[in-house]
Amino acid sequence: MTETTTISKGSDWGYAPAPESTDHIRLKDRYGLFIGGKFTPPASGKYFKTINPANEKVLAEVAEAGEKDVDRAVQAARKAYDKVWRKMSGRERGKYVYRIARIIQERSRELAVVESLDGGKPIRESRDIDIPLSAAHFFYHAGWADKLSYAFPGKRVSPVGVAGQIIPWNFPLLMVAWKVAPALACGNTVVLKPAETTPLTALLFAEICQEAGLPDGVFNLVTGAGATGAALVKHPHLDKVAFTGSTEVGKTIQKALSGRGTKLTLELGGKAAHIIFEDATIDQAVEGIVNGIFFNQGHVCCAGSRLFVQESVEEEVIAKLKARMETLIVGDPLDKNTDIGAINSRAQCDRINDYLRIGVEEGAELFQTHCAVPSKGFWVRPSFFTKVAQSHRIVQEEIFGPVLAIQTFRTLNEALEKANNTPYGLSGGVWTDKGSKIFKVTRGIRAGVIWANTFNKFDPTSPFGGYKESGYGREGGRHGLQSYVELA
Amino acid sequence: MTPGYFNGTAASFRTQLHPVDEVGIKERAARLATRSIKKSSKIEGLKLALSMIDLTTLEGADTPGRVRQLCAKALHLHSTRPELPLVAAVCVYPTMVRIAREALKDTPVKIAAVATAFPSGMNPLEVKLEDTRYAVGEGADEIDMVISRGDFLRGDYGRVADEIARVKQACGRAHLKVILETGELGTLDRVRLASDIAMEAGGDFIKTSTGKIQPAATPEVVLVMLQAIHDFHRKTGKKIGMKPAGGIANSKQALHLLVMVREVLGPDWLTPDLFRIGASRLPNDILMQLEKERTGVYQGGDYFSND
């Protein structure tokens, strides 16, 4: 018989801090706007501070672009488009895009550290996911530059013109890549506005464009908050607007562009259903749940934020999920062992905490892990709610944080019905060991991306985008090119 | 003959199958390998790993002299580092148990013997039981048995379970480690099933490999077995031990194993009572790393005894 009484106590062995070095990072005190190939001060002379959300220290000052600056940037892009970029052969354009991809790889360590400093995401993610994927998007689209006629057989392919692009703070450089790589490869010029809380890697990207010798004005960068974005969208000489961000702002943009010929793509919010069947590989499904909702602190539009567990495995899944969540290391984003970093901003942190309060008030049961969090900076412990209903706000609204809402289901049809009962339709996930069930579910969920037995996998060759209030248009793959070309 | 302990219950194993997703397991194992173990954490981790080693010699050419040398190594890892822990056990063939017993008399180092027609297990049950009884009689504290892979792969799970239960009986007070020989099982689903059977049938430890077959203790296999132990504990409250063996030769692998145990089973399992590493070359690599941490430079292999 096992003599369990004689088992000695386990060791409390753990991991010492393993911070990534920042010695090689040289940030400027102040960054201007990048217009016509040069960094220039804003007309207003106004600057705003960007901080490290993990300790609230100021990292740099960044120019606030007004209407005049935006106009200058659009004009620069127009000039570059007419004089240089639209006339250049695809093969030549491709060379520049390849060059950008290679410089991103060369400077990957620097970019990863700055991404984690400015945005709060763990260095493991910026190092292993954000930066390599950004480079991959440029490589992928560089390949298309001289092969566009093969992407659209029988059509004459030409660029759209000047694109105004507005990107969010959750994947700062990766969103630059998603937007800029196809635009440039297809022969368009760009005015880009990064989010006000995470402008630094976009500014480093402007440096990379200089280093790559990209012709002046092909890529322009205007930093600022919502007003800058509004000025960009309002500008009458844009041929195309691409936006990734909240559904609320997306709707405003769509209204602003109504009655104009400007092309528009929107990649907006989500509230993905993540369905676990009783015949799933439970341990891997739990990994998938964790990856689905806690990846990037849950600041992911396609996060698996609504979990549906078949009732027969509910107890097992929740017990294992709790145990797994307790092993998540929350803290210094620059520590190589950190799993969950800082919430991107105070505003977002407040918003998430509001939802935690709302969930409890609605009668749901909250579980949070017991890890310690730093005293400075913005943090939310990994959390989930049980005893939730479809009518709860924490189920209906996008929280954009590490907060999961768990419901159970009995039959496949019930799972599908609940999964589709949402204004969003960006992503979804299903776990089952049975192939036929995978097909049934993936066909039954109305969402742009559905993962089977995995979650949050991204690849430049795969189109990404939503249905309903999650927006329209696709990014990545051959479908993604379509938003940046005119076909005749 | 004792009636088959598990006869007729093979069907229940089938209905309780825990499927394993190979892609997911590989990802998780790779992710756990990215934990950065530096400085104090590295030193403490390596010492902990040392205390969990089953120092092993399992060659046809083993001699009493060689076994005595191995035992000497177990008791004197490094003459200038008396503060280092002793290894957990030495692992030898049954005929060498008596030699090891003499050499390790009055020390905390345990003696493990492989039995049940190790490494192939291709003998009748009675011979395997006699093999086990002999090793225990010679003074073995622990028995490392092999499962009958032929029976298992044929789907005769009841027979496999029954055999384990009978060997466990033959062990008496000795602890039983059940070697699955994962390199012959072919899929992670089967590794999981064999783990479940071995635990249900009374094994105190489950062990990956004999060391005679490749692949052996791959991170994926270890992870699947740890998850099986986790589930068994959740269901029964019993803590089963884990022993990866085969091809674990360097410190980095050892630390990776500790990370897996810590994050899958929790700190309760970070004790030689519940986690062992079967190895022969590993101690010297750990010593080399520890000396490097102490002095800042790597020393040549000749400064560490090869036994």
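User: How many bridges join strand β13 of chain A to β16(A), and in which sense do the two strands run?

Analyst: In this predicted model, strand β13 covers residues 306–310 of chain A and runs parallel to β16(A). One pair that shows the register is A:Val309, whose bridge partner in β16(A) is A:Thr408. The two strands run parallel, and the number of bridges that join them is five.

User: Which strand joins β16(A) by three bridges?

Analyst: Besides its pairing with β13(A), β16(A) has a parallel partner in a strand that covers residues 383–386 of chain A. Within that pairing, A:Phe384 stands opposite A:Leu404 in β16(A). The strand joined to β16(A) by three bridges is β15(A).

User: Why is strand β16 of chain A described as largely enclosed by the rest of the structure?

Analyst: A residue counts as buried if 20 or more other C-beta atoms lie within 10 Å of its own. Strand β16 spans residues 403–409 of chain A, and it is largely enclosed because the number of its seven residues that are buried is six.

User: Which strands stand at the edges of the sheet of seven strands in chain A?

Analyst: The seven strands form an open sheet with mixed pairing, in the order β14-β15-β16-β13-β12-β18-β19 of chain A, and the twist from one strand to the next averages 20°. At one end of that order, β14(A) runs antiparallel to β15(A) and is joined to it by four bridges, with A:Gln368 opposite A:Ser383 in β15(A). The strands that pair on one side only, and are therefore the edge strands by the pairing rule of at least two bridges, are β14 (365–368) and β19 (449–452) of chain A.

User: At about what angle to β16(A) does helix α14 of chain A run?

Analyst: Helix α14 covers residues 412–420 of chain A and lies across four strands of that chain, namely β12 (273–276), β13, β16 and β18 (427–431). Its direction relative to β16(A) is given by an angle of about 145°.

User: Which strands form the open sheet of three strands in chain A, and in what order?

Analyst: The pairing in this sheet is mixed, and β1(A) is joined by two bridges to strand β5 (residues 57–63) of chain A, the two running parallel. Within that pair, A:Tyr31 stands opposite A:Val62 in β5(A). Because β1 (30–31) and β4 (47–52) of chain A each have a single partner strand, they stand at the edges, and one side of each is left without a neighbour in the sheet. The order is β1-β5-β4.

User: Which strand of chain A pairs with β10(A) over five bridges?

Analyst: Strand β10 (residues 240–244) of chain A has five of its five residues buried, with A:Lys240, A:Ala242 and A:Thr244 on one side and A:Val241 and A:Phe243 on the other. It pairs with β7(A) in the parallel sense over four bridges, where A:Ala163 has A:Lys240 as its bridge partner. The other pairing named here is also parallel and matches A:Phe243 with A:Leu266. The strand that pairs with β10(A) over five bridges is β11(A), residues 263–267.

User: Which helix gives the largest share of the side of domain 1 of chain A that touches domain 2 of chain A?

Analyst: The domain assignment of chain A gives domain 1 (30–268 + 470–487) and domain 2 (273–460), with 23 residues of domain 1 in contact with 25 residues of domain 2. On the domain 1 side, α3 (108–119) and α4 (123–144) each supply at least two residues, and the residues of that side divide into nine nonpolar, nine polar and five charged. The largest share, seven residues, comes from α4(A).

User: How is helix α2 of chain B oriented to helix α10 of chain B?

Analyst: The axes of α2 (residues 22–32) and α10 (residues 219–236) of chain B come within 9 Å and cross at roughly 100°. Among the residues that meet are B:Ile25 and B:Ala29 in α2(B) and B:Leu223 and B:Val224 in α10(B). Angles of 65 to 115 degrees count as roughly perpendicular, and the crossing angle therefore makes α2(B), relative to α10(B), roughly perpendicular.

Conventions: Residues numbered from 1 in each chain as written. Chains lettered and ligands numbered in written order. Predicted model: local features only at pLDDT ≥ 70, side-chain atom pairs only at ≥ 80, totals over all residues. Axes fitted to C-alpha atoms, helices over the stretch in contact; angles between N-to-C directions. Parallel < 35°, antiparallel > 145°, perpendicular 65-115°, else oblique. Contact = placed C-beta atoms within 7 Å. Domains from an automatic or database assignment. Nonpolar A, V, L, I, M, F, W, Y, C, P; charged D, E, K, R; others polar. Buried ≥ 20, exposed ≤ 12 C-beta atoms within 10 Å, placed from the backbone.
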